[in-house]
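Open the model in your viewer and keep the selection tool at hand. The stops below follow pairs of charged side chains.

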Amino acid sequence: MNMRTLLTMAVALLMQAVLMPGTVASAKEPLMRFYVGTYTGPSSQGIYFVDLDPETGKLSEPVLAAETKNPSFLALHPTQPYLYAALEIGEFEGQKTGAVEAFKIDPASGKLTALNGQSSTGPGPCYVSVDPSGQSVMVANYGGGSVGVLPVGDDGSLKAPSAHDQHTGSGPNPKRQQRAFAHSIVADPSGKFALSCDLGTDEVIIYKLDAKAGTIARIGEAKLAPGTGPRHIAFHPSGKFVFVNGEMANTVTPLTWDAATGTLTALTPVSTLPADFTTPSTTAEIAVHPNGKFVYCSNRGHDSIAVFAFDSANGTLTPIDHTSTQGQSPRHFALDPTGRYLIAANQKSDSLVSFKIDPKTGKLTPVGSTVKVGQACCVRFVKS
């Protein structure tokens, strides 16, 4: 065998090793990007983006994606490169109302280009979401105790509001429930209904949703325990259950969801706090693992993520862990689309912290990566 043949064989073996899965030369997993909403001021100028390394859990240094005022809550279009932000501002176009701003995402640079803004239909917008078809953006106005709908244009911009509903009622807490406080609104997986949590009335309000027409019609509600203070809602992957965190009661309430009739039935709530913790605390965000086995809820005061195991056979939640968010007041968090990592946004300590999720137990382990974002209060992953 001559030298040239040996060299050819060596090159072929080297190329085979390079192309073999699992070798050192295997292709690196692409980074996962997420956007961060903030309250603007000395330490923040608007919306930022951060990249997560899926192999290590490490976070990149934040980059300013767009300057805008108080983009406290974000939502991404389900299929197109558009982002929507609820702007907690006192006035919009001369009216005492907040706004929703639309942006186009540059996938290469991560930068956002502002398209336009529209009235949120009420003061104090705190939550924004997009229906599964991408035809309508919905917004909850905490200060106004109302919800609104804004149709999405072909270019991703927002059309003038097409629907508005004013919540009414009160709860037993005279300091926080003297009137309605709409805290969230989200479409169900079918896109035929929308559910809105109202902290002031202890209700989850059910709407019939016509995303194409941009309309909502109230058809019912689920009453939670007095003083619960419903804040956010998360659907189980099966579409048969939803979970609501009680901001005031520090609870998570599972509910069954009948998508055929648009009916919610509350099950037994569980506490998000350890039994021996007595310092004031409030819940903030709730999420379900993609495998449907675990539910997560953040505690502001205890400054932790509560982890629950969920039994879909009987609809029960079992507390299994509390993990420190390594910061103050975790207003929001998000699981990456693969369910491997959780990113906590600690608003009062201006930090984002990365945690590894154990797929078997659901428990969280910090990966040792923390970055600074001023007044961070919302995390939204871009779906690949």
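A polar contact is a pair of N or O atoms within 3.5 Å; within protein, one must be able to donate a hydrogen and the other to accept it, and residues adjacent in sequence count only if both atoms are side-chain atoms. This is a predicted model, where local features need pLDDT of at least 70 and side-chain atom pairs count only at pLDDT 80 or more, while totals for chains, interfaces and linings use all residues. Residues are numbered from 1 along each chain as its sequence is written, and side-chain values use heavy atoms, with hydrogens and water left out.

**Stop 1: Glu 247**

Select Glu 247, in the loop between E17 and E18; helices (H or I, at least four residues) and strands (E, at least two) are DSSP runs, numbered from the N terminus. Glu 247 is buried, at 5% relative accessible area; buried means under 20%, exposed over 50%, and partly exposed in between (1.4 Å probe, protein chains only).

Add Arg 231: a polar contact of 2.8 Å joins its side chain to that of Glu 247. Now show what else is in contact (heavy atoms within 4.5 Å). Leaving aside neighbours within four places in sequence, the contacts of Glu 247 include His 183, Leu 199, Thr 228 and Ser 281.

**Stop 2: Arg 176**

Which residue forms a salt bridge with Glu 247? Select Arg 176: the closest N and O atoms of this salt bridge are 2.8 Å apart. A salt bridge is a side-chain nitrogen of Lys or Arg within 4 Å of a carboxyl oxygen of Asp or Glu. Arg 176 sits in the loop between strand E11 (163-166) and strand E12 (182-187), 71 residues from Glu 247 in sequence. Arg 176 is partly exposed, at 27%. Add Arg 300 to the selection to complete a network of salt bridges with Arg 176, Arg 231 and Glu 247.

**Stop 3: Asp 53 and Lys 28**

Select Asp 53 and Lys 28, a salt bridge with its closest N and O atoms 3.3 Å apart. Asp 53 is in the loop between strands E2 (46-52) and E3 (63-67) and Lys 28 in the loop between helix H1 (3-19) and strand E1 (32-38), so the pair ties together parts 25 residues apart in sequence. Asp 53 is buried, at 13%, whereas Lys 28 is exposed, at 52%.

**Stop 4: Glu 29 and Arg 340**

Finish with Glu 29 and Arg 340, whose salt bridge has its closest N and O atoms 2.9 Å apart. The two residues are 311 apart in the chain, Arg 340 being in the loop between strands E25 (330-335) and E26 (341-346). Glu 29 is partly exposed at 32%, and Arg 340 is partly exposed at 25%. The structure holds 10 salt bridges.
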